[in-house]
Amino acid sequence: METTQKIMTEEERQAHIAHFLKRWKEEKHQTEEEARQRFQSSEGQAILKELRRKNAERGIIISEL
Amino acid sequence: MQKEELSSPNYEFRFIGGSKNSYTFQTINQVTYEIVFKPTPYLFGESAIFSYFTYEFSIILVNNPMDREPPVDLKIPPTIAAIFTDFFNNAADTVVIYICDSSDGRQVFRKRKFDRWFEHYKYSFIKIDSSFDEADGTHYPVSLILKERNPFRNEICAQFMNIVGGFNQNK
């Protein structure tokens, strides 16, 4: 596999950044939505319950919603 | 960052995994966060060998039951640092890019906050700061973070400089 690339021109650089940011914005929204759905799921709530228990063992009391 | 922030014990966290390598934790104010390391091979192009170790790091506020912004919480920075370290411990060749979201105009605030965390928890990491600028003038501060001993360190730095056209390096 390659570990080097040719030096990009200014136009190539701008195009690469534009492509990167476009994909980043699309995936960012999807990632946030997945996280919120996970929070609302029974599995997500079970994870948080377990974390509250572990925190409580260390004296960090997080009350339930 | 205040000294007590450094000594504050972190919250318990859990690695959820999945395709985006998610971690989660909850604060004393019942605010829930996910820390995500999303594979981002398209940063360097998929022909670069280290592309498969390149991830975008993001902090997602998943749920805030308060009717206002969460207050300063001294346990959050060490929690994020512990998660960061955990992820790198499992994959030492990891390269992380952090992009400060500019959609609400608070990118400079996010950058400063991230820099403060990094300054105190950098250990053996190196960070390269730069920015991505859109044609409409929107400015996104970005940081690339990798282990000092990453075997592709020089190639990664050179390729990142190629993409952004120059950088500032902090260690």
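Q: Which residues does B:T94 touch, leaving aside residues up to four places away in sequence?
A: In this predicted model, B:T94 touches B:F53, B:Y55, B:F87, B:F88, B:I145, B:L146, B:K147 and B:N150. Each of these counts as a contact because heavy atoms lie within 4.5 Å. As for its place in the chain, B:T94 is in the loop between α2 (76-90) and β5 of chain B.

Q: What makes B:T94 a buried residue?
A: Its relative accessible area is 1%. Buried means under 20%, so B:T94 with its 1% is called buried.

Q: What makes the link between B:T94 and B:A91 a polar contact?
A: The side chain of B:T94 reaches the backbone oxygen of B:A91 at 2.6 Å. The cut-off for a polar contact is 3.5 Å, so a pair at 2.6 Å falls within that distance.

Q: How do you know how many disulfides the structure holds?
A: The count is zero over all chains. Take B:C100: its sulfur is 19 Å from the closest cysteine sulfur, in B:C157, which is too far for a bond. A disulfide needs two cysteine sulfur atoms within 2.5 Å, and 19 Å does not meet that, so B:C157 is in no disulfide either.

Q: Are B:C100 and B:C157 buried or exposed, and how do you know?
A: B:C100 has 1% relative accessibility, and B:C157 has a relative accessible area of 11%. Both values are under 20%, so both cysteines are called buried.

Q: What is the link between B:C157 and helix α4 of chain B?
A: B:C157 is one of the buried residues of α4(B), along with B:I156, B:Q159, B:F160, B:N162, B:I163 and B:V164. These buried residues pack against α1 (10-40) of chain A together with β5 (95-99), β6 (125-133) and β7 (139-147) of chain B.

Q: How do you know that the length of α4(B) agrees with the expected span of a helix?
A: The helix has twelve residues (153-164), which at 1.5 Å a residue should span 16 Å. The end C-alpha atoms are 17 Å apart, so the two values agree. Just after the helix comes B:G165, with a positive phi near 75°.

Q: Why do the phi values of B:N21 and B:Q30 deserve a look?
A: Most residues other than glycine have a negative phi. B:N21, however, has a positive phi near 50°, and that of B:Q30 is positive too, at about 65°. B:N21 is found in the loop between β1 (14-17) and β2 (22-26) of chain B, while B:Q30 is in the loop between β2 and β3 (32-39).

Q: Why are B:N21 and B:Q30 called buried?
A: B:N21 has 15% relative accessibility and B:Q30 has 13%. Both values are under 20%, so the word buried applies to each.

Q: What makes the pair B:E12 and A:R58 a salt bridge?
A: Their side chains meet at 3.1 Å, N to O. The cut-off is 4 Å, so this pair qualifies. Across the interface of chain A and chain B, the rule finds six salt bridges and 20 residue pairs in polar contact. On the side of chain A that touches chain B, α1(A) gives the most, with 19 residues.

Q: How much area do chain A and chain B bury between them?
A: They bury about 4100 Å², 59% of it on carbon and sulfur atoms. In terms of contacts, 40 residues of chain A meet 50 residues of chain B.

Technical notes. Residues numbered from 1 in each chain as written. Chains lettered and ligands numbered in written order. Predicted model: local features only at pLDDT ≥ 70, side-chain atom pairs only at ≥ 80, totals over all residues. Heavy atoms only, no water. Buried < 20%, exposed > 50% of the residue type's maximum accessible area, 1.4 Å probe, protein only. Helix = DSSP H or I, 4+ residues; strand = E, 2+ residues; numbered from the N terminus. Expected span 1.5 Å × (residues − 1). Buried area = accessible area lost by both parts, 1.4 Å probe. Polar contact = N/O pair within 3.5 Å; in protein donor to acceptor, adjacent residues only side chain to side chain.
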